[in-house]
Amino acid sequence: MISYIKGILSDITSESITIENGSGIGFEIICSDNFLRKLPEKGSEMKVFTYLYVREDIMTLFGFIDKREREAFKSLIGISGIGPKGAVAILSELTVDELYMAILSQDAKAISRANGIGGKTAQRVIIDLKDKIDLGDMGVDEGYTDIKQDESITTEAAMALTALGYSNMDALRAIKKVEGRDDMSVEELIKAALKKM
């Protein structure tokens, strides 16, 4: 597998970039919208983490912001009914942390906002990936502290907040901002999270 490509950003389209490396070869790389929004100016040198998708007569190179986005992509294409196009659509709609929060909070609606992803497919994403996500790995890109708390307490608090009308993702974001949550009961965590809303 081509782990990454480092070179000059020579072209940008609505769904891909072209990186020209020192060998004089331009690599066309399909990227999520989230990645495309973070690109430097054309002519800049950059490093792109990649995944080479090979099927029969198709060879396509996909590019990612970091290794976490690539791992999320690999997890998504491992789900029955989701190909690389669907995985890119999900990662265009949600950042990696937003996707993981949607899965943990069973927010199929957030996942199904991705182009071409229906409710049943979104539910399959949740079922297939919910046990593979480590809550402590989330928030690397947004400066959140690691969550070491028991997941059941977090889940109960998130469910209570959604019952009050907050979205699943907003509930989990608020919970993650609570300091000292490791030593809190569900009730204490809910009260503290409400102050972060």
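Accessible areas come from the Shrake-Rupley method with a 1.4 Å probe. The exercises below concern a predicted model.

**Exercise 1. The chain as a whole**

Task: State how many helices and strands the protein chain has, and describe its extent and its exposed surface.

Solution.
Step 1. The protein chain contains nine helices and five strands. Read from the N terminus, the order of these elements is β-β-β-α-β-β-α-α-α-α-α-α-α-α.
Step 2. Along the principal axes, the C-alpha atoms of the protein chain occupy a box of roughly 60 × 35 × 25 Å.
Step 3. The surface that the protein chain exposes amounts to about 10700 Å², and 47% of it is supplied by carbon and sulfur atoms.
Step 4. The protein chain has 197 residues, of which 47% count as buried.
Step 5. Among the contacts in the protein chain with a separation of 6 or more, 53% join residues 24 or more positions apart.

**Exercise 2. Helix H2 and helix H3**

Task: Determine how helix H2 and helix H3 are oriented to each other, and name the residues that form their contact.

Solution.
Step 1. Two packed helices are described by the angle between their axes and the distance between the axes.
Step 2. For H2 and H3 (residues 84–93), the angle is about 135° and the axes are 9 Å apart.
Step 3. An angle over 145 degrees would count as roughly antiparallel, and one of 65 to 115 as roughly perpendicular. H2 and H3 are therefore oblique to each other.
Step 4. The crossing of H2 and H3 is right-handed.
Step 5. On the side of H2, the contact is made by Glu69, Ala72, Phe73, Leu76 and Ile77, and on the side of H3 by Pro84, Ala87, Val88, Ile90 and Leu91. By class, the residues of this contact of H2 with H3 are nine nonpolar, no polar and one charged.

**Exercise 3. Helix H2 and helix H4**

Task: Carry out the corresponding analysis for helix H2 and helix H4.

Solution.
Step 1. The axes of H2 (residues 67–77) and H4 (residues 96–104) come within 10 Å, crossing at roughly 45°.
Step 2. H2 and H4 are therefore oblique to each other.
Step 3. H2 contributes Arg68, Glu69, Ala72 and Leu76 to the contact, while H4 contributes Val96, Asp97, Leu99 and Tyr100.
Step 4. The contact of H2 with H4 is composed of five nonpolar, no polar and three charged residues.

**Exercise 4. Helix H8 and its packing on H4**

Task: Establish whether helix H8 is enclosed or exposed, and describe how H4 crosses it.

Solution.
Step 1. A residue is buried when its relative accessible area is under 20%. In H8 (residues 168–176), eight of the nine residues are buried, so the helix is largely enclosed by the rest of the structure.
Step 2. The buried residues of H8 are Asn168, Met169, Ala171, Leu172, Arg173, Ala174, Ile175 and Lys176.
Step 3. The axes of H4 and H8 come within 9 Å and cross at roughly 105°. H4 is thus roughly perpendicular to H8.
Step 4. Glu98, Met101, Ala102 and Leu104 of H4 make the contact with Met169, Leu172 and Arg173 of H8. Five nonpolar, no polar and two charged residues take part in the contact of H4 with H8.

**Exercise 5. Four individual residues**

Task: Locate Ser14, Glu56, Glu156 and Lys195, and decide for each whether the residue is exposed or partly exposed.

Solution.
Step 1. Exposed means a relative accessible area over 50%.
Step 2. Ser14 lies in the loop between strand S1 (4–12) and strand S2 (16–20). With a relative accessible area of 65%, Ser14 is exposed. Its neighbours within four places in sequence aside, Ser14 is in contact with Asp33 and Leu36. The C-alpha atoms of Ser14 and Cys31 are 9.1 Å apart, although 17 residues separate the two along the chain.
Step 3. Glu56 belongs to the loop between strand S4 (45–55) and strand S5 (58–64). The relative accessible area of Glu56 is 85%, so Glu56 is exposed. Phi of Glu56 is near 45°, a positive value in a residue other than glycine.
Step 4. Glu156 is part of helix H7 (residues 151–163). At 45% relative accessible area, Glu156 is partly exposed. Between Glu156 and Met169, the C-alpha to C-alpha distance is 14 Å, and the two are 13 residues apart in sequence.
Step 5. Lys195 is placed in the segment after helix H9 (186–194). Its relative accessibility is 73%, so Lys195 counts as exposed. Lys195 and Ile175, 20 residues apart along the chain, have C-alpha atoms separated by 9.9 Å.

Definitions and conventions. Residues are numbered from 1 along each chain as its sequence is written. This is a predicted model: local features need pLDDT of at least 70, side-chain atom pairs count only at pLDDT 80 or more; totals for chains, interfaces and linings use all residues. Side-chain values use heavy atoms; hydrogens and water are left out. Axes are lines fitted to C-alpha atoms, for helices over the stretch in contact, and angles run from 0 to 180 degrees between N-to-C directions. Helices (H or I, at least four residues) and strands (E, at least two) are DSSP runs, numbered from the N terminus. Angles under 35 degrees count as roughly parallel, over 145 as roughly antiparallel, 65 to 115 as roughly perpendicular and the rest as oblique. Contact means heavy atoms within 4.5 Å. Ala, Val, Leu, Ile, Met, Phe, Trp, Tyr, Cys and Pro count as nonpolar, Asp, Glu, Lys and Arg as charged, and the others, Gly among them, as polar. A crossing is left-handed if the near helix is turned anticlockwise from the far one by less than a right angle, and right-handed if clockwise. Buried means under 20% relative accessible area, exposed over 50%, partly exposed in between (1.4 Å probe, protein chains only).
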